[in-house]
Amino acid sequence: MLRTLREQGALSRSQIARAVGLSRSTLSEITASLLQRGAIVVVDTDAAKREGSGRPAERLALDPASGQFMGVDFGHRRVCVAVADASHEIIASGSERYEDDAPWPQRLDAAFRLIDRLTDETDVHYGALQGVGIGVPGPHPVPPAAHPAPRQAPAAGLLDTVEDVGAAFASRFDASVLVDNNTRFAALAEAISGSGTVDDLIYVRVSDGVGGGVVVGGRLVTGSTGLAGEFGHVRVNVHGGSCRCGKNGCLETVASVPAILANCRARGVPVDDLDELRAAVERSHPIVEQVLRAAAAAIGRVVGTAAMALNPAEIVIGGEIVRVAPIIVQQVRATITYELLPDAASIPVVRAAELSDDDGALGALAALFHSSPLLAAYPEPAKAGGAGSGGGIRVPQTTIERVSHGRHH
């Protein structure tokens, strides 16, 4: 029914019943629920076109400003939010930055400021919000869980864990909340973004940290304690620098964006951000190329080991730096080709991510929609199903460069 309204616009109940083959009683129950939630609205009647003397029939349409699902991606230095309507169309999205060492209360404030700004800019409202998916930086050593809306949010002074953040969202929006690692959500978004769902995929996102996600046998893998895909904390140099996880020499210490920029500066190239790195790449600066190749080779060795064990069909490298420096994917591909068996059939497709940096938020939305076989092991959010579930994410081309519209996953 929602798809019919999205494709055909405002329709009367009788027109909807004929289009989708529903009985009057069933249609009445569905429309009453959708009207109550604010997913659809009465826009007018068919009085102007109606023949005869019968009472004019109401015409129903999707409420274009009703946010039904919200995906939130808390990165190390920014939060991204994507809001979808009842037909799974993205109707609002944006990001807000914060400092890398910002505590959770500040990150939560940034997220709520962003949500308020999106409301002001797009007129989206959240009165009918069914669920919120929240991606958080890893390691996230707890299994993903759906949290029903609590009666009271935790006090600001006690807001120091990701579970408290989930509770704060649930309290503010009176909706169920699903919390998981943000790069695992991003892996889900990549696995369903192409021409068909990928059954075996390894995803790595190179950003302020290095994270990943793994799809095996058509399932998004979480692991026994929710740590599957934490490639950034695999040790690559026993004498390396300290990592935020407490170990030394992790992949993140050599291949994250801050580590790459710091390595360039240490070798005499003054680059402080990705824009300056882009300029150096465009000038084919030899030292910058060496630093990027070394970082990408380290990624390739770590992921190559995982690929030898899992035999994926695709390896996807994401993060804004991949668009700034395509040489990263090229070197990862070359390293993995060297690391794996000398058999062309065993070499997976190694590609850059198709989605932008809000892919974790989009993956969180997909988890809420919960109709993907990749999510078979996920808990069912108590309030995130209903009439909005069962379809693919439809994202404007301004948000994602390439997406297959109208897919079901």
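What share of the contacts in the protein chain with a separation of 6 or more comes from residues 24 or more positions apart? In this predicted model, the figure is 64%. The chain has 409 residues, and 53% of them are buried. As for secondary structure, there are 13 helices and 14 strands. About 17,500 Å² of the chain is exposed, with carbon and sulfur atoms supplying 50% of that area.

Let's start with helix α8, which runs over residues 257–266 and has Val257, Ala259, Ile260, Leu261 and Cys264 buried. The buried residues of α8 pack against one strand-numbered element, β10 (201–206), and against helices α7 (252–255), α9, α10 (286–310) and α11 (320–324). Just past the end of α8 sits Gly268, with a positive phi of about 95°.

One of those packing partners, α9, spans residues 274–282 and holds Glu276. Glu276 also helps form a negative surface patch, together with Asp273, Asp275 and Glu320. Glu276 has a relative accessible area of 32%, so it counts as partly exposed.

Now for the salt bridges. Searching the whole structure turns up 17 of them, and here are three.

| Salt bridge | N to O distance |
|---|---|
| Glu96 and Arg113 | 3.6 Å |
| Arg172 and Asp116 | 2.8 Å |
| Glu190 and Arg351 | 3.1 Å |

Take Glu96 and Arg113, whose side chains meet at 3.6 Å. The pair links distant parts of the chain: Glu96 belongs to strand β6 (residues 90–97) and Arg113 to helix α4 (residues 104–122), 17 residues apart. Arg113 is partly exposed, at 44% relative accessibility. Both residues also take part in a salt-bridge network with Arg117 and Glu121.

Next comes the bridge between Arg172 and Asp116, at 2.8 Å. Arg172 is in helix α5 (residues 162–173) and Asp116 is in helix α4, so this bridge ties together parts 56 residues apart in sequence. Are its two ends buried or partly exposed? Arg172 is partly exposed at 39% relative accessibility, and Asp116 is partly exposed at 37%.

Finally, there's Glu190 with Arg351, at 3.1 Å. This pair links helix α6 (residues 182–191), home of Glu190, to strand β14 (residues 349–352), home of Arg351, across 161 residues. Here Glu190 and Arg351 are both buried, whereas Arg172 in the previous bridge is partly exposed.

How values were computed:
Residues are numbered from 1 along each chain as its sequence is written. This is a predicted model: local features need pLDDT of at least 70, side-chain atom pairs count only at pLDDT 80 or more; totals for chains, interfaces and linings use all residues. Side-chain values use heavy atoms; hydrogens and water are left out. Patches are made of residues with over 30% relative accessible area and no salt bridge: like charges are joined within 9 Å, nonpolar side chains (Val, Leu, Ile, Met, Phe, Trp, Tyr) within 5 Å. Accessible areas come from the Shrake-Rupley method with a 1.4 Å probe; for residues, only the protein chains shown count as cover. A salt bridge is a side-chain nitrogen of Lys or Arg within 4 Å of a carboxyl oxygen of Asp or Glu. Lys and Arg count as positive and Asp and Glu as negative; His and the chain ends are not counted. The place of a charge is taken as NZ of Lys, CZ of Arg, CG of Asp or CD of Glu. Helices (H or I, at least four residues) and strands (E, at least two) are DSSP runs, numbered from the N terminus. Buried means under 20% relative accessible area, exposed over 50%, partly exposed in between (1.4 Å probe, protein chains only). Contact means heavy atoms within 4.5 Å.
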